[in-house]
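Me: I would like to learn how to read a fold from its coordinates. Could we take one case and go through it feature by feature?

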Amino acid sequence: MTAQTFGQATATAAVVLVSGGLDSMVSAARAREDGHRLLALSIDYHQRHAIELEAARRIAAALGAERHVVIDLDLSAFGGSALTADIAVPKDGAGTLTAEEGGGIPVTYVPARNTIFLSLALGWAEAAGAHDLYIGVNALDYSGYPDCRPEFVAGFEHLAALATKAGVEGEPFRIRAPLQHMTKADIVREAARLGLDAGLSWSCYDPAPGGLHCGQCDSCRLRHRGFRDAALPDPTRYAAEPL
């Protein structure tokens, strides 16, 4: 069965990708607000910032996930990214620039990461009889990753219809990206509207000693700027004040 009945309400399951970051936290909370039971999926891809998995566990628990599965998938065997190989994480803010401002795809891009993660989420969704997959990508305030764009989300949804038994039998999957067109400030405000504790989340790519965000990587800069632009207090503890 894909649903449980509570009184007159019927809640269907949704697979939500929970990385431990603020975006995935808000995306998962939106799935809950949409009336879904949460099947939370996190990937231990041997990332430099593996501390985010502790945040993912906190978030899944806080949101009342029915199940939280953490899959060990060692993408450091491939390398090719500052998050999975011995490559320095940039601290110059270049990844926070738009294409018009001279930004490109930074070295923190992990090859095909969201394709891999959504494929795993799709496998669980089909096995569980769920048809909604939530991912916290957005295409405005982000680091220029190609697998955060609306074209990617639409393309993967089409792929899901072709690649699964459920899809070919007329039960398509829906890839939900509720933050797709939000700025980071919008996402911060949405977290506040949903009553979330943003301090549970983790964003930093290069954690500093003592469990601190470094404050200088692209992800820290985008996070801090979001709170600043939203005019809301930033609960994050930084080793250095973001610029």
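Reply: What follows goes from the whole chain to two of its helices. Keep in mind that this is a predicted model.

Me: How many helices and strands does the protein chain have, and what pattern do they follow along the sequence?

Reply: Begin with the inventory, then the order. The protein chain has seven helices and six strands. Their order along the sequence is β-β-α-β-α-β-α-β-α-α-β-α-α.

Me: What does the radius of gyration of the protein chain say?

Reply: It is read against the value for a compact globule with the same number of residues. For 243 residues that value is near 18 Å, and the protein chain has 17 Å, so the two agree. As for outer dimensions, a box of roughly 50 × 35 × 35 Å along the principal axes holds the C-alpha atoms.

Me: What share of the residues counts as buried, and how is the surface made up?

Reply: Burial is a matter of relative accessible area, with under 20% taken as buried. By that cut-off, 50% of the 243 residues are buried. The accessible surface is about 10,800 Å², and carbon and sulfur atoms account for 55% of it.

Me: What do the contacts say about separation in sequence?

Reply: Take the contacts between residues at least 6 apart in sequence; 74% of them join residues at least 24 apart.

Me: How are the charged side chains counted and placed?

Reply: Count each sign, then compare the centres of the two sets. The protein chain carries 21 positive and 29 negative side chains, with the two centres 4 Å apart.

Me: Why does the length of helix 1 agree with what is expected?

Reply: The expected span follows from a rise of 1.5 Å a residue. Helix 1 covers residues 22-33, twelve in number, so it should span 16 Å, and its end C-alpha atoms are 16 Å apart.

Me: Is helix 1 mostly covered or mostly open?

Reply: Mostly covered, with ten of its twelve residues buried. Among them are Asp-23 and Arg-30, along with Leu-22, Met-25 and Val-26. Just after the helix, Gly-35 has a positive phi of about 95°.

Me: What covers the buried residues of helix 7?

Reply: The cover includes helix 1 and helix 6 (184-193). Helix 7 itself, residues 218-230, reaches 18 Å between its first and last C-alpha, close to the 18 Å expected for 13 residues. Ten of those 13 residues are buried, including Cys-220, Arg-221, His-224 and Phe-227. Ala-231 follows helix 7, with a positive phi near 60°.

Conventions: Residues are numbered from 1 along each chain as its sequence is written. This is a predicted model: local features need pLDDT of at least 70, side-chain atom pairs count only at pLDDT 80 or more; totals for chains, interfaces and linings use all residues. Side-chain values use heavy atoms; hydrogens and water are left out. Helices (H or I, at least four residues) and strands (E, at least two) are DSSP runs, numbered from the N terminus. The radius of gyration is taken over C-alpha atoms; the globule rule is 2.2 Å times the number of residues to the power 0.38. Buried means under 20% relative accessible area, exposed over 50%, partly exposed in between (1.4 Å probe, protein chains only). Contact means heavy atoms within 4.5 Å. Accessible areas come from the Shrake-Rupley method with a 1.4 Å probe; for residues, only the protein chains shown count as cover. Lys and Arg count as positive and Asp and Glu as negative; His and the chain ends are not counted. The place of a charge is taken as NZ of Lys, CZ of Arg, CG of Asp or CD of Glu. The expected span of a helix is 1.5 Å times one less than its number of residues.
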